[in-house]
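Me: I should like to learn how to read the features of a protein model one at a time. Could you take me through this one?

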Amino acid sequence: MNLYLAYQGLIAFVGINALLALSVYATLSCGQLSLANAGFMAIGAYTGALLTLHAPGIPFAAVLLASALLPALIALPLGLPVLRLRGVFLAIATIGFGEVVRLGFVNWDYTNGALGLVAIPQRTKPWILWLTVLAVLFVLGRLRGSRTGYALEAIREDEMAARTMGIETTAYKLAMFSFGAAIAGIAGALEAHFTFIVSPSGYSFGRVVDMLVQAIVGGTAYFVGPVIGAAFLTLLPEALREAGSRVGLSPGPFRLFLNGVILLAVILYLPDGIASLPRRLRRRVRG
Amino acid sequence: MLALHNVLRAFGGVRAVDDASFTVERGEVHGLIGPNGAGKTTLLNLISGFIAPTSGTISFEGRSVGGLAPQRLAALGISRTYQNIRLFAGLTALDNVVVGQHLRRRSPFIPRLFFSPAARKEEEAARARALEGLSRVGLHGRALTTAANLSYGEQRRVEIARALGAAPKLLLLDEPTAGMNPPEAHEVGRLVREVAREGRSVLLVEHNVRLVMELCDRITVLNFGKVIARGTPSEVARDPAVIAAYLGDDSGGAEGGGAA
């Protein structure tokens, strides 16, 4: 029990990072590299924090729902033009959106500008957090093998060929973009109600890179991959913190260094991510 | 059923398809032949909505469809295969054919999310149909093989099964027997006739001239984007313009049907 109390914070961050990695996976699952999710996370976090601070009577479930819905709704008019862009152009346009949101909050007096909101009550219980993770995994898991899931896979494999199968690619891409925004928004609200604060610096470009790295390290071919990646990249730097400080690296730079090394290693030697490891090992044993 | 009227498509100064007119009737196997670069694939891309005509009209079942998006044309009943195979490479052969049925399936996600028995039944039916489709092209035993691991000829056949998955009214085949050995090509020919007997129309682009001559009810011959001849296989084979296009201008030979 003492052990759990000591690591409670860490475990919660695994859950929050898992949700964020899954939010990036949602758009990756139909082949779209969107980096707007730090922006959606910020919108969700601010929505949740403002509701809790100004209307304390609202139940937490309703707060979370609002934090998911608002980014999901904003994603629709945003997605319609940007999802026409492909590959790196979509990535750049969505990075732009994230920066606009962040700078918007920096300059918004109502939310205390760059200082952000503080003293948010801690309402995120571990069970709420992990229930949310499970719910998202459930939805993604049920997509596999469904008509909708096949359509998404077809779009990821060859968008033009998918269209000649009669698949309305824009609608599917938009739906997943909006779903990813909802997950990021809810993760933002959960984090805000766990760490007591929201401030624009928490939603910078670096944050969305973290999400993407975790999704890719875990593996994007299978929907549990991002969760594994988030757990791995959140826990490993902590586990190695001691070793890092012994060779004279402070925790912050050490974490970045470790992330970089792991990402390189995974891309070079395990392109389908950690989640593909069991299958690879089995094949090697058999072959 | 399908009618092209003075269709022109220019890429810059090049008229890839120049003033082409022809019709494809219901249940007809219509051949589209011509030397390399004659504009055959461009024509298929026009009919399937990959590109829009610069001018002219394309109508399908009496409705003008020129410039519609590919998914809209698919919904009207036009399916196609590709000269440079475009299977969903990471999916199994069976899953490719299941995707091909997208338009036929009524399977909303919300009931499926909550394990609705009706959704499960619908899915099983779709997979059974897909397996039948694979049997039809002789690939029953390869259903669970990833598309990328199939041989060239097998991939072409999965593409045909995937296109048929939509139960199309018009099937566009772009060199379906390229890279196949003669028995495989013969099987594809038999399948095309069978598909036509079901009342579907087939527009066939093919370099294997012997197969085209055996298979097609009518043939349209393109050269440099222009229609230079049309008619039954024997009419086309005797046409001096066709012989000239295939064998060169000064040849008087009667081998028009033999060269590919």
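Reply: We begin with pairing: two strands pair if DSSP finds at least two bridges between them. Helices (H or I, at least four residues) and strands (E, at least two) are DSSP runs, numbered from the N terminus. This is a predicted model, in which local features need pLDDT of at least 70 and side-chain atom pairs count only at pLDDT 80 or more, while totals for chains, interfaces and linings use all residues. Residues are numbered from 1 along each chain as its sequence is written, and chains are lettered from A and ligands numbered from 1 in the order in which they are written.

Me: Which residue stands opposite B:Ser64 in the neighbouring strand?

Reply: Strands of a sheet pair through backbone hydrogen bonds, either parallel or antiparallel. Here the partner of B:Ser64, a residue of β5(B), is B:Ser59. Strand β4 (residues 55–60) of chain B pairs with β5(B) in the antiparallel sense, over two bridges.

Me: In what order do the strands of that open sheet lie?

Reply: The four strands follow the order β2-β1-β4-β5 (chain B), with antiparallel pairing. At the edges are β2 (14–24) and β5 (63–64) of chain B, each of which pairs on one side only. Helix α1 (residues 40–47) of chain B packs on this sheet and touches β1 (2–11), β2 and β4 of chain B. Two residues are in contact if their C-beta atoms, placed from the backbone, lie within 7 Å. The direction of α1(B) makes about 65° with that of β2(B); axes are lines fitted to C-alpha atoms, for helices over the stretch in contact, and angles run from 0 to 180 degrees between N-to-C directions.

Me: Is B:His5 buried or exposed?

Reply: A residue is buried if 20 or more other C-beta atoms lie within 10 Å of its own, exposed if 12 or fewer, and partly exposed in between; the C-beta atoms are placed from the backbone. B:His5 has 16 C-beta neighbours inside 10 Å and therefore counts as partly exposed. This residue lies in strand β1 of chain B. Leaving aside residues up to four places away in sequence, B:His5 touches B:Ser21, B:Gly56 and B:Thr57.

Me: What is the strand order of the six-stranded open sheet, and what is its pairing?

Reply: The order is β6-β7-β8-β3-β9-β10 (chain B), and the pairing is mixed. Its edge strands are β6 (78–80) and β10 (226–231) of chain B, each pairing on one side only. On average, neighbouring strands of this sheet are turned by 20° against each other, direction ignored. Strand β3 (residues 29–33) and strand β8 (residues 201–205) of chain B run parallel and are joined by four bridges. Within that pair, B:Val29 has B:Val202 of β8(B) as its bridge partner.

Me: Which helices lie against this sheet?

Reply: α1(B) lies across β3, β6, β7 (170–174), β8 and β9 (218–223) of chain B, at about 150° to β7(B). Helix α10 (residues 240–247) of chain B also packs on the sheet, touching β9 and β10 of chain B, and its direction makes about 125° with that of β10(B).

Me: Why is β7(B) described as largely enclosed?

Reply: Five of the five residues of β7(B) are buried, so the rest of the structure largely encloses this strand. In a regular strand the side chains alternate between the two faces of the sheet. In β7(B), B:Leu170, B:Leu172 and B:Asp174 are buried on one side, and B:Leu171 and B:Leu173 are buried on the other. This strand pairs in the parallel sense with β6(B) over three bridges and with β8(B) over five bridges.

Me: How many residues of each chain take part in the contact between A and B?

Reply: The contact involves 19 residues of chain A and 25 residues of chain B. On the chain A side, α5 (126–143), α6 (147–157) and α7 (159–164) each supply at least two residues. The most come from α6(A), which gives seven residues.

Me: How much of chain B is buried?

Reply: Of its 260 residues, 46% count as buried. The secondary structure of chain B comprises ten helices and ten strands.
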